[in-house]
Amino acid sequence: MSSITALEAHTAMRTQQVLNQPAVQSGLKDILLNYAGLMEALRQRAAEQA
């Protein structure tokens, strides 16, 4: 069994704080939907399942 170090705990907490910021979430959504092709992939998957 491994124990979490103080640095790992701080890093996890800080990462969560950053990811919960609306500006960060909006930016990630923009990247995924507009630049990474996520929306097209989801549309294609939905069309294939229909």
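# Exercises on a three-helix chain

Glu 48 is found in helix H3. The model is a predicted one.

**Exercise 1.** Determine whether Glu 48 is buried or exposed, and how far its C-alpha atom lies from that of Leu 38.

*Solution.* Step 1: the relative accessible area of Glu 48 is 59%. Step 2: a residue counts as exposed when this value is over 50%. Glu 48 is therefore exposed. Step 3: Leu 38 and Glu 48 are ten residues apart along the chain, and 15 Å separates their C-alpha atoms.

**Exercise 2.** Compare the expected and actual spans of H3 and of H2, and state how many residues of H3 are buried.

*Solution.* Step 1: the expected span is 1.5 Å times one less than the number of residues. Step 2: helix H3 covers residues 38-49, and its twelve residues should therefore span 16 Å; the end C-alpha atoms lie 17 Å apart, in agreement. Step 3: for the 14 residues of H2 the rule gives 20 Å, and the end C-alpha atoms are 19 Å apart, which again agrees. Step 4: zero of the twelve residues of H3 are buried, so H3 lies largely in the open.

**Exercise 3.** Identify the residues of the nonpolar surface patch, and find which helix gives the largest share of the patch.

*Solution.* Step 1: Leu 19, Leu 28, Ile 31 and Tyr 35 form a nonpolar surface patch of about 420 Å². Step 2: helix H2, residues 22-35, supplies the largest share, three residues. Step 3: Leu 28, a member of the patch, lies in helix H2. With a relative accessible area of 41%, Leu 28 is partly exposed. Step 4: just after H2, Gly 37 adopts a positive phi of about 75°.

**Exercise 4.** Describe the secondary structure of the protein chain, and set its radius of gyration against that of a compact globule of 50 residues.

*Solution.* Step 1: the chain contains three helices and zero strands, and its pattern along the sequence is α-α-α. Step 2: a compact globule of 50 residues would have a radius of gyration near 10 Å, whereas the protein chain has 17 Å. Step 3: the C-alpha trace spans about 50 × 30 × 15 Å along its principal axes. Step 4: buried residues account for 0% of the 50 residues. Step 5: the accessible surface of the protein chain is about 4,600 Å², and carbon and sulfur atoms contribute 60% of this area.

Definitions and conventions. Residues are numbered from 1 along each chain as its sequence is written. This is a predicted model: local features need pLDDT of at least 70, side-chain atom pairs count only at pLDDT 80 or more; totals for chains, interfaces and linings use all residues. Side-chain values use heavy atoms; hydrogens and water are left out. Patches are made of residues with over 30% relative accessible area and no salt bridge: like charges are joined within 9 Å, nonpolar side chains (Val, Leu, Ile, Met, Phe, Trp, Tyr) within 5 Å. Accessible areas come from the Shrake-Rupley method with a 1.4 Å probe; for residues, only the protein chains shown count as cover. A salt bridge is a side-chain nitrogen of Lys or Arg within 4 Å of a carboxyl oxygen of Asp or Glu. Helices (H or I, at least four residues) and strands (E, at least two) are DSSP runs, numbered from the N terminus. Buried means under 20% relative accessible area, exposed over 50%, partly exposed in between (1.4 Å probe, protein chains only). The radius of gyration is taken over C-alpha atoms; the globule rule is 2.2 Å times the number of residues to the power 0.38.
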